[in-house]
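Here is a short briefing on the enclosed empty space inside one protein model. Have the structure open as you read.

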Amino acid sequence: MDVSQGPESRPEGTGKRNRTETEENYKKMKDMFLKRYAVGRMLGRGGYASVCAGVRKSDGKKVALKIMSKIINDKYITVPGDTRRLPAEVAILELVCKPPRCPYVIELLDWIETPAGIVIVLERPDHCVDLFDFCSRVDVTENMAKIIMRQVIQAARHCRARGVFHRDIKEENILINPHTLEVKLIDFGCGDLHKDTPYTEYAGTPIYFPPEWITERKYEAEPATVWGLGVLLYSLLCGHRPFNSPHQIVHGLQCFPDHLSISSCSLINWCLQKDPKRRPTLEQVIAHRWVRHYTVAPCCRVPLVLRGMTPELQIH
């Protein structure tokens, strides 16, 4: 169901009849939506959104329902080649999910807008947890990190190819199947359209801010993405973030445990160059010798219950 008439795309009308008709149309859309989906328990909650488990009634497909309350400054955008003004996260997901799809990015299935909020229907992969929870219960080896990072880098490249800048790639926004190490990039709420000129606003997680944003209040999409991948890789291999404050991001030097390979340290150092012009491109990252040389295991059996992890989807 494609409900594209958001507040900024509808003709203005101040009459009582127009308002009544709009409210009735929204009610019809909401009723139609609830006939198509069964809403289950809550999976996670954030500042302006909550995520519930759901089932599509027509075929029993498991879905995740991201329910977002409207705020005063909700952003609406028009994507290239389209005339509709859509809620930003919906527009970005539509762009990134156009066929052919990327298996490492969560799939948008449906969405609806009402006067009070927006509901986005997403795929709900089996047995997935977020990468933060996974890493808190599993000792991530370098080979496991390579398998995870290859998929995340491919997801970032796919986003760029579709004209999308995720802007918040971190453990909490990556789902992982502990049995197979397959990942899905989720939560495009901080995303924007990809451009080659500098951005002068930031939406994301402060500990992932690139140093140029802190010092110059501007940054470019690809160098900022690569910086974030460096922070992610360090966290996977070392068990903690490389920086704890803006001062450390700009001036700090990360230390590496003795057990890390020289090749992994080389890649992290390259991604975390303070000068964005000295960082690698996404193509250079995925072609780095550390990323290329890994062993593919048939499966990775992590005993979820024994390690205290529930084998159900969790989205934060």
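What follows covers the internal cavities and the residues that line them.

The model is predicted. It holds two cavities of 30 Å³ or more. The largest cavity encloses about 190 Å³, and the second largest has a volume of about 40 Å³.

**Largest cavity: residues**
- The lining of the largest cavity is made of 18 residues.
- Closest to the centre of this cavity are Phe165, Arg167, Ile169, Ala224 and Thr225.
- The lining is mixed in class: 10 residues are nonpolar, four are polar and four are charged.

**Largest cavity: elements**
- Helix H4 (142-161), strand S9 (164-165) and helix H6 (221-238) each give at least two lining residues.
- H6 contributes the most to this lining, with five residues.

**Second largest cavity: residues**
- Met149, Ile153, Leu229, Leu233 and Leu267 are among the residues that line the second largest cavity.
- Cys271, Val285, Trp290 and Val291 also belong to this lining.
- By class, the lining has nine nonpolar residues, with no polar and no charged ones.

**Second largest cavity: elements**
- H4 and H6 each supply at least two residues to the lining of the second largest cavity.
- Helix H8 (262-271) and helix H10 (289-292) also supply at least two each.

**Across the two cavities**
- H4 and H6 serve the largest cavity and also the second largest.
- Charged residues number four in the lining of the largest cavity, whereas the lining of the second largest has no charged residues.

Notes
Residues numbered from 1 in each chain as written. Predicted model: local features only at pLDDT ≥ 70, side-chain atom pairs only at ≥ 80, totals over all residues. Heavy atoms only, no water. 1 Å grid on protein atoms, 1.4 Å probe; cavity = no way out; pocket = protein on both sides within 12 Å on 5 of 7 lines; lining within 4 Å. Points joined across faces, edges and corners; volume = space filled by probe spheres on them. Helix = DSSP H or I, 4+ residues; strand = E, 2+ residues; numbered from the N terminus. Nonpolar A, V, L, I, M, F, W, Y, C, P; charged D, E, K, R; others polar.
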